[in-house]
Amino acid sequence: MKWITARRRHPLAGYVVVLLALAVFGVGYAALAPNAERAEAQVLAAQSSGPEEGAVDVSEGRDIWNRSCASCHGLNGGGSGNAPDITTAGGAAIDFQVSTGRMPSSNPDAQMPRKYPAFSRSEIDNLIAFYEQEIGKGPAVPVDVPGDAPLREDFESEEAYEKANEEYKAEYDAYIAGADDVEAGMKLYLANCAHCHSWSGAGGGLTGGHWAPELTDATPRQIYEAMVTGPGQMPVFNDLAINPDDKQELIAYVKDLQAEPDAGGPFALNRVGQVAEGLIGWTVGLTLIIACAIWITAKQRAHD
Amino acid sequence: MTDNNDTNASGASGGPDDRVIGTPSSAEGETIVSGADEPRREHAGPYPAEETHKHSEEEQRRAEKTAAVWFLIAFLAGIGFFVAYFAWGPNAEGEQAIADPQIAQYSNMALGGTLALALFGIGAGMTVWARRIMPHYEVSSPYDELPSSPEEKGSFSEFFMKSADESGFTKRPLLRRTLLLSMVPLGLAPIVLLRDTGPLPGDKLKKTLWEDGTRMVVEGTNQLIKASDLAEDGSMVTAFPEYPHNEEHPHGLSLNDQAKTVIMLIKIPEGDFKPGMSEQQMNWTHDGIIAYSKICTHVGCPAALYERGSHRILCPCHQSTFDATDGAKVVFGPAHRPLPQLPIGVDDEGYLIAKGDFSSAVGPTFWDAEKGD
């Protein structure tokens, strides 16, 4: 305690106390606040029965619907005060929202970030089968566009997983290689996507607390589904205005963006580029240099 | 964070009051060295100086350790620089070669980081050394008087007026007036030469290639757009006027014309248009599809962040926000003029067409942008 007593009148003591207090509250809140999404995902994952390969199971889809969707979107998908009517959303919208982990959402008032999906691939397929049979119609899941890579936990044996993985990779490579003109895809991306998602695909802010998410993890199928269904604040780019071949070129370009090495290293600044990185470097660097200059030339006090 | 050093400074001050701002007062120097048991060292120099901030031997020993720690950190960082340099070989065939862009980033970070830490450590150690071990002298060297004396000022103005009289400038009006006259054209020349900046813009700022009957194509694919292509609520597409790609125009529209004609076509759900829209503005839409210039009226960025939920169009440069359901009225930000609206309709084959030019001048606002032609 002598150490503290000796330094409590130091000119920087006030700042140190404020910083420490902020850090304690911030870290403490993050640790104590219920992370509802994670909890729900775990509960749902624990409840769900094991995946079944092959045919879809509409009754399991109904189970998932009743348990995880109907409380907000209504038993027949008509929506409620805090959730939209999804009878015209289509299987593509269901697949997009659930496979990116945005739905089921624990907070209907806020935009959901991408997270680990609460359901397995076969459960999502069952849910979509049930939706298309009993709830509504809309853009269908673009099945010929490659989606998520298979997960080991969805397979009984290692060989089955390896086989599915190889099939998936072949399908994926064929889809990307099938794009005729990636440069045309770039033009489409810059004209239609880059405003919100940034030319680097890092996403960006919108009004009213919304944001355009980053595209760094999106699979080709999720990008396709987002374009045809327009999730959240995103407008619709349907297959008539931008046809499937053009979409394929655009997706191939987004894949190029995703493969781009991150030039910022550990301080990527959302890949905004060298100019902005330089600006931050100058500002932060100059501030530190000025702080050093002040420290070097500061007049010493008698009790220092 | 209180500093009591100055409280008794004024009372104890016996020296001259005209000290330079930023330098310690002489009184302060006296109070700072409180209880100095050891005799003060005198500074041998051209100006009088005395030592302040006497450091006790114990303080100096502590500072010595601190500085030594900094120097050791600098030494280790310097060694780290060599480690970082030799850790990743230049061989592109090797596993961990810096030819790999990812490895190159780590290598750059490590090299720069260690070098910076080494240099900072040396600087910090030397600062600690200078501040807490070396003796401090306060040297006072007074400035000379800066303003001129009244006599000097008076003699200059006398000299100036005498010269003016002797030269004849005040006594010979003909000379003076012809000289001034000869300077008038030269003074006007810079203003007249502004004409070389080009002919007046005429109506070029207010006219674009859009005219009644022009069809629209999707930017990027040049596919013609039908009204039925945008039937889904929330649909949006960026479009240009249809323009021939031929030998005369190998690249289609010029960049200038692209900037002036580019539009966003947005399908607004039925009933979402605000009552503030005039009848004319509603007539300019077709079946819920509305066309706005994509160029922000503030400084001309592409304002294309359309949110289908709130129907806001946001410009990414300065956050000007327009309401797509209210004639692109400005709801936030530095722009103070709505995005120009393009009147649209369909032709016999169902293709979307323009029904005239924009409602006002496209792009950054200028003095008479809102005036019609």
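This passage walks through a predicted model of two chains, A and B, from their overall make-up to a few places worth a visit.

A good place to begin is with the two chains themselves. Chain A contains 12 helices and 2 strands. Following the sequence of chain A from its start, the reader meets nine helices, then the two strands, and then three further helices, in the pattern α-α-α-α-α-α-α-α-α-β-β-α-α-α. Of its 304 residues, 31% count as buried. Among the contacts in chain A with a separation of 6 or more, 67% link residues 24 or more positions apart. Chain B, for its part, has 8 helices and 13 strands. It counts 373 residues, 24% of them buried. In chain B, residues 24 or more positions apart make up 56% of the contacts with a separation of 6 or more.

The two chains touch, and the meeting place can be described from both sides. On one side stand 33 residues of chain A, in contact with 38 residues of chain B. Within chain A, helix 8 (182-192) and helix 9 (194-197) each supply at least two residues of the side that touches chain B. Helix 8 of chain A gives the most to this side, with 5 residues. Sorted by class, the side of chain A that touches chain B has 17 nonpolar, 12 polar and 4 charged residues.

Helix 8 of chain A deserves a second look. Its buried residues are Gly185(A), Met186(A), Leu188(A), Tyr189(A), Ala191(A) and Asn192(A). What do the buried residues of helix 8 of chain A pack against? Their partners are helix 9 and helix 11 of chain A, together with strand 4 of chain B.

Helix 11 of chain A also has a partner in helix 10 of the chain. The axes of helix 10 (residues 220-229) and helix 11 (residues 244-259) of chain A come within 10 Å and cross at roughly 130°. Because of this angle, helix 10 of chain A counts as oblique to helix 11 of chain A. The crossing of helix 10 of chain A with helix 11 of chain A is right-handed. From helix 10 of chain A come Pro220(A), Ile223(A), Tyr224(A) and Met227(A), and they meet Lys247(A), Ile251(A) and Val254(A) of helix 11 of chain A. By class, this contact between helix 10 and helix 11 of chain A has 6 nonpolar residues, no polar ones and 1 charged residue.

Turning to chain B, strand 5 (residues 263-267) makes a helpful landmark. This strand is largely enclosed by the rest of the structure, because 5 of its 5 residues are buried. Both faces of strand 5 of chain B are covered: on one side Ile263(B), Leu265(B) and Lys267(B) are buried, and on the other side so are Met264(B) and Ile266(B). Strand 5 of chain B pairs with strand 4 (residues 236-241) of chain B in the antiparallel sense, over 4 bridges. Within that pairing, Thr238(B) has Met264(B) of strand 5 of chain B as its bridge partner. Strand 5 of chain B also pairs with strand 6 of chain B, again antiparallel, over 5 bridges. Here Leu265(B) has Ala291(B) of strand 6 of chain B as its bridge partner.

Further along chain B is an open sheet of 4 strands, with the order 7-8-9-10 and antiparallel pairing. Which strands form the edges of this sheet? They are strand 7 and strand 10 (329-332) of chain B, each of which pairs on one side only. Strand 9 (residues 321-323) and strand 10 of chain B run antiparallel and are joined by 3 bridges. One of the residue pairs between them is Phe322(B) with its bridge partner Val330(B) in strand 10 of chain B.

A last stop is His298(B), in the loop between strand 6 (289-293) and strand 7 (305-306) of chain B. Is His298(B) buried or exposed? His298(B) is buried, because 21 other C-beta atoms lie within 10 Å. Leaving aside neighbours within four places in sequence, His298(B) is in contact with Cys315(B), His318(B), Ser320(B), Pro334(B), Ala335(B) and Pro364(B). Of these partners, Ala335(B) is 37 residues from His298(B) along the chain, yet the C-alpha atoms of the two are separated by 4.4 Å.

How values were computed
Residues are numbered from 1 along each chain as its sequence is written. Chains are lettered from A and ligands numbered from 1 in the order in which they are written. This is a predicted model: local features need pLDDT of at least 70, side-chain atom pairs count only at pLDDT 80 or more; totals for chains, interfaces and linings use all residues. Axes are lines fitted to C-alpha atoms, for helices over the stretch in contact, and angles run from 0 to 180 degrees between N-to-C directions. Angles under 35 degrees count as roughly parallel, over 145 as roughly antiparallel, 65 to 115 as roughly perpendicular and the rest as oblique. A crossing is left-handed if the near helix is turned anticlockwise from the far one by less than a right angle, and right-handed if clockwise. Two residues are in contact if their C-beta atoms, placed from the backbone, lie within 7 Å. Ala, Val, Leu, Ile, Met, Phe, Trp, Tyr, Cys and Pro count as nonpolar, Asp, Glu, Lys and Arg as charged, and the others, Gly among them, as polar. A residue is buried if 20 or more other C-beta atoms lie within 10 Å of its own, exposed if 12 or fewer, and partly exposed in between; C-beta atoms are placed from the backbone. Two strands pair if DSSP finds at least two bridges between them.
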